[in-house]
Amino acid sequence: MKKICVIGLGYIGLPTSAIFAKAGYEVVGMDVSERVVESLNKGEVHIEEVGLPELVKEVVEAGKLRGSTTPEEADVFIIAVPTPIHEDFTANIDYVVSATKSIVPYLKKGNVVIVESTIPPRTMDDVVAPILMENGFDTQNDIYLAHCPERVLPGRILIELIENTRIVGGTTPVAAKKAGDVYRAVVTGDVIETEALTAEMSKLMENTFRDVNIALANELAKISQKLGVNAHAVIELANKHPRVNIHQPGPGVGGHCLAVDPYFIVEKAQAESPLIQESRRINNSMPDFVVEQIEKLTVQVAKPKIAVFGLTYKGNIDDVRESPAIEIYEKLAHNPRFEVHAYDPHVQNEQVPFELSSFEEAVKGAHVVAILADHNEFKQLTADDFSSMASPVVFDTKNCTSLAGDFVKLYRIGDLSMLQPIQL
Ligand SMILES: NC(=O)c1ccc[n+]([C@@H]2O[C@H](COP(=O)([O-])OP(=O)(O)OC[C@H]3O[C@@H](n4cnc5c(N)ncnc54)[C@H](O)[C@@H]3O)[C@@H](O)[C@H]2O)c1
């Protein structure tokens with residue numbers, strides 16, 4: 001049975017390690033973070049993902065998966081390190097570069113090296129392959145180098161790692177075949193071989209497609225407010241057309257995929273990507289749009305208390321990276337008019353640079369509860385849960401609550417034309 005060394009034990013690398021270990025491989029998970037490696041070696045996980053604690057415990061106890069702060073010799077190396085953007089929106093591939101360099105001393109002829117991190121177009125050919133070649137490896141013959149982008153949905157990672165179709169972009173056709181075979185051992189979905197550049201672009205276009213379509217829905221929400229029409233009713237009816245699928249408006253686009261990957265294309269094709277750039281601008285404008293609505297709602301309140309519900313970039317996860325909810329919290333908190341409290345049942349205090357409140361602390365005496373993530377906990381709220389508010393106004397930016405009754409005044413992004421300032 002083959003040995004696999006996974007570099008980077010985050011939301012992608014840790015579940016990937018556990019799945020290969022469960023399939024019987026000997027897996028070493030390597031991370032630069034001692035905290036992450038220590039917790040893995042105790043059979044514990046440091047991230048929230050459905051089913052992962054049980055699976056990791058099982059494979060660690062079975063001796064199939066262990067953590068290390070240095071790479072080890074293996075048959076297959078899988079790189080799953082972060083690829084964020086710099087402040088100027090250019091790609092930061094430093095982690096991929098250092099991860100690639102770190103495996104060089106452990107590489108042998110015949111090894112398969114797979115980059116799962118999302119990367120800008122041509123990174124495999126222009127950055128990763130040259131690092132190996134500079135170190136004496138012939139990437140055309142000796143090392144099988146491929147890009148296999150991840151397209152899992154947080155909350156369903158363990159299912160989707162197995163069931164999703166995988167795109168395997170080899171730097172040579174043989175590399176695509178060898179890397180494809182690695183996945184065929186555990187994946188029940190199709191494993192499709194292609195070239196590295198095509199795989200890089202297909203991943204980026206998947207997320208760009210979603211970002212552009214969310215921008216269209218957000219634009220519709222703004223237009224609807226001006227025209228006095230309910231965008232949700234418009235979307236529902238338009239989507240009855242068999243070839244139309246308008247997405248949902250919301251408080252902005254976050255996470256390190258949709259809010260990041262389009263910039264990787266823009267950086268490489270600036271003049272050719274005006275639609276992608278405008279979509280990013282529209283989605284980036286949504287936190288300001290949310291704050292403006294809260295300002296309009298509270299214009300007649302001397303010291304409005306705002307309860308921000310949900311800080312993650314999507315529901316039922318603990319990931320706050322690039323979250324528009326954090327931006328909204330900070331914009332509100334920087335305005336001395338507001339007293340702002342944040343509540344999120346999925347987020348620990350050490351994940352954010354401000355104090356979190358309990359549900360009761362956040363709601364008591366609040367003038368507006370702004371729901372910014374569609375956690376299941378929020379979907380189940382009833383009007384009674386808001387009885388301690390000073391003025392029971394809920395601004396649901398995710399269209400996820402179903403608060404019945406007259407007691408709570410409910411506003412949603414997409415249906416704001418009747419917005420009235422709070423009268424105390
Ligand atoms: N999380 C997702 O849902 C998702 C989905 C699709 C694609 N991706 C992509 O997968 C890649 C990894 O994302 P993630 O969410 O797992 O990131 P993450 O931040 O959760 O984890 C990355 C891990 O890599 C470690 N690391 C950083 N540099 C390292 C190095 N040189 N050597 C070893 N370890 C190193 C970090 O300590 C961290 O534990 C990114 O490119 C991301 O865009 C993520």
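Trainee: Which helix gives the largest share of the shell around the ligand?

Mentor: Good place to start! Keep in mind that this is a predicted model. Helix α4, residues 94–103, gives the largest share of that shell, with 3 residues. In total, 24 residues surround the ligand, and the closest are Ile12, Asp31, Thr83, Thr118 and Arg321.

Trainee: How do the residues of the shell divide by character?

Mentor: The shell holds 13 nonpolar, 7 polar and 4 charged residues.

Trainee: Where does the ligand lie relative to domain 1 and domain 2?

Mentor: To read this, look at which domains give residues to the shell. Domain 1 (3–197) and domain 2 (229–424) both do, so the ligand lies between them.

Trainee: Which polar atoms of the protein should I look at around the ligand?

Mentor: Look for pairs of N or O atoms within 3.5 Å. One ligand oxygen is 2.6 Å from a side-chain N or O atom of Thr83, and a ligand oxygen is 2.9 Å from a polar backbone atom of Ile12. In the case of His256, a side-chain N or O atom is 3.2 Å from a ligand nitrogen. As for cover, the protein hides 91% of the 830 Å² of accessible area that the ligand has on its own.

Trainee: Now strand β1: are its two faces covered or exposed?

Mentor: In a regular strand, side chains alternate between the two faces of the sheet. In β1 (residues 3–7), Lys3, Cys5 and Ile7 sit on one side and Ile4 and Val6 on the other, and all are buried.

Trainee: In which sense do β1 and β2 pair?

Mentor: They pair in the parallel sense over 5 bridges, β2 being residues 26–30. To find the pairing on screen, start at Ile7, which stands opposite Met30 in β2.

Key:
Residues numbered from 1 in each chain as written. Predicted model: local features only at pLDDT ≥ 70, side-chain atom pairs only at ≥ 80, totals over all residues. Heavy atoms only, no water. Near = heavy atom within 4 Å. Polar contact = N/O pair within 3.5 Å; in protein donor to acceptor, adjacent residues only side chain to side chain. Areas by Shrake-Rupley, 256 points an atom, 1.4 Å probe, with all protein chains shown as cover. Helix = DSSP H or I, 4+ residues; strand = E, 2+ residues; numbered from the N terminus. Nonpolar A, V, L, I, M, F, W, Y, C, P; charged D, E, K, R; others polar. Domains from an automatic or database assignment. Buried < 20%, exposed > 50% of the residue type's maximum accessible area, 1.4 Å probe, protein only. Pairing = 2+ DSSP bridges.
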